Amino acid sequence: MNREYHKWYSTHLQRNMELLVFGHSGRAVLFFPTRMARFYDYENWGIIEVLRDQLDNGQLQVYCVDSIDAESFYNQSTHPSARIIRHLQYEDYILEEVLPFIRSKNNTDVMEVAGCSMGAFHAANIALKHPALFNKVICMSGRYDLTRNINDFKDLFDGYRDDNIYYNSPLQFMGNMQQGDLLDSIRTSQYIFAIGETDPFLANNYEFSQLLWDKGIPNNLYIWDNYAHRPRYWRQMVQLYL
């Protein structure tokens with residue numbers, strides 16, 4: 001299996017960023033890590049290995065990017081307004097540095113985006129804001145409004161709200177999206193959600209899936225047995241959905 005390590009200084013983040021590439025051609029998948037995880041965790045958890053056949057035969061090429069969640073959403077030392085601004089800088093890094101890098105290696109106009117746990121939020125958020133860039137969105141064990149308290153998972157903005165937070169809360173901005181070109185573009189992509197039946201984010205997934213249907217956006221919601229918020233389940237999910 002082709003494996004490449006890349007590192008460069010991000011002008012948008014003002015720090016070095018790393019990523020891994022698996023496979024040599026095929027469908028390009030931008031793969032966001034879990035909560036405060038690293039670019040190498042999917043490899044360490046065996047999630048990349050179960051895709052070996054597709055990666056070796058040129059069907060699939062996976063780009064595992066790094067996270068800066070500890071500097072943004074989970075940075076309790078800064079004001080919530082600064083947390084979301086740091087996330088927007090990360091999004092600019094993805095859009096203006098990582099995606100051009102992917103296109104330089106893979107001759108594709110559109111690509112897929114995926115993630116597990118917090119990575120599912122990242123995948124849904126960026127795809128719904130920039131639907132022309134992605135033709136398939138795979139979200140596993142995610143939540144889609146970081147302003148809510150859900151069991152032990154707290155509101156990541158401590159009750160603070162502003163426009164930046166609103167426009168990075170898919171359950172909020174999609175709920176108010178009116179008919180138009182953006183919504184039409186969103187409808188052209190494929191959306192897959194997978195969640196465990198005892199996952200605390202289950203209701204959040206039901207609500208999000210139904211909201212998309214209400215907006216005329218077809219999607220598939222798959223409910224797995226048990227909690228299913230673990231690498232051993234994600235290894236099975238990627239084989240089915242990627």
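**Entry 1. Terms and model**

I note at the outset that a residue is called buried under 20% relative accessible area, exposed over 50%, and partly exposed in between. On that scale I looked up Trp 45, which has a relative accessible area of 26% and is therefore partly exposed. I record that the model is a predicted one.

**Entry 2. Aromatic pairs**

I described each pair of aromatic rings by the distance of the centres and the angle of the planes. My search of the whole structure returned 19 aromatic pairs. I examined Trp 8 and Phe 101, whose ring centres lie 5.2 Å apart with the planes at 50°, so I entered this pair as tilted. Trp 8 belongs to strand β1 (residues 3–10) and Phe 101 to helix α3 (residues 80–105), so the pair ties together parts that are 93 residues apart in sequence. I then checked Phe 101 for cover: its relative accessible area is 15%, so Phe 101 is buried.

I turned next to Tyr 42 and Trp 45, an aromatic pair with 6.0 Å from centre to centre and 80° between the planes, which is edge-to-face. Tyr 42 has a relative accessible area of 1% and is therefore buried, whereas Trp 45 is partly exposed.

I also asked which residues form one aromatic cluster with Trp 8 and Phe 101. I found Phe 32, Tyr 63, Tyr 90 and Tyr 93 in that cluster.

**Entry 3. Strand β3**

I looked up strand β3 (residues 27–32) and found five of its six residues buried, so the strand is largely enclosed by the rest of the structure. I followed its pairing to strand β4 (residues 60–65): five bridges join the two, and they run parallel. In β4, Leu 60 is the bridge partner of Arg 27. Four bridges join β3 to strand β5 (residues 111–116), and these strands also run parallel. In β5, I found Gly 115 opposite Phe 32. Phe 32 is also one of the members of the aromatic cluster noted above.

**Entry 4. Helix α4**

I tested the length of helix α4 (residues 118–129). The expected span is 1.5 Å times one less than the number of residues. For the 12 residues of α4 this gives 16 Å, and the end C-alpha atoms are 17 Å apart, which agrees.

Is α4 mostly covered or mostly open? I found it mostly covered, with 11 of its 12 residues buried. Among the buried residues are Met 118, Phe 121, His 122, Asn 125 and Ile 126.

**Entry 5. The cavity**

I searched for enclosed space and found one cavity of 30 Å³ or more. The largest cavity holds about 50 Å³ of space. Its lining consists of Phe 32, His 87, Tyr 90, Glu 91, Ile 94, His 122, Asn 125 and Ile 126. By class, I entered four of these lining residues as nonpolar, three as polar and one as charged. Helices α3 and α4 each supply at least two residues of the lining, and α3 gives the most, with four. I note that Phe 32 and Tyr 90, both in this lining, also belong to the aromatic cluster.

**Entry 6. The largest pocket**

I looked up the largest pocket last and recorded a volume of about 170 Å³. Which residues lie nearest its centre? I found Arg 35, Ser 117, Met 118, Phe 153 and His 229 there, out of 13 lining residues. The lining has five nonpolar, five polar and three charged residues. Met 118, one of those nearest the centre of the pocket, is also among the buried residues of α4.

How values were computed
Residues numbered from 1 in each chain as written. Predicted model: local features only at pLDDT ≥ 70, side-chain atom pairs only at ≥ 80, totals over all residues. Heavy atoms only, no water. 1 Å grid on protein atoms, 1.4 Å probe; cavity = no way out; pocket = protein on both sides within 12 Å on 5 of 7 lines; lining within 4 Å. Points joined across faces, edges and corners; volume = space filled by probe spheres on them. Nonpolar A, V, L, I, M, F, W, Y, C, P; charged D, E, K, R; others polar. Buried < 20%, exposed > 50% of the residue type's maximum accessible area, 1.4 Å probe, protein only. Phe/Tyr/Trp six-rings, centres within 6.5 Å; stacked < 30°, edge-to-face > 60°. Pairing = 2+ DSSP bridges.
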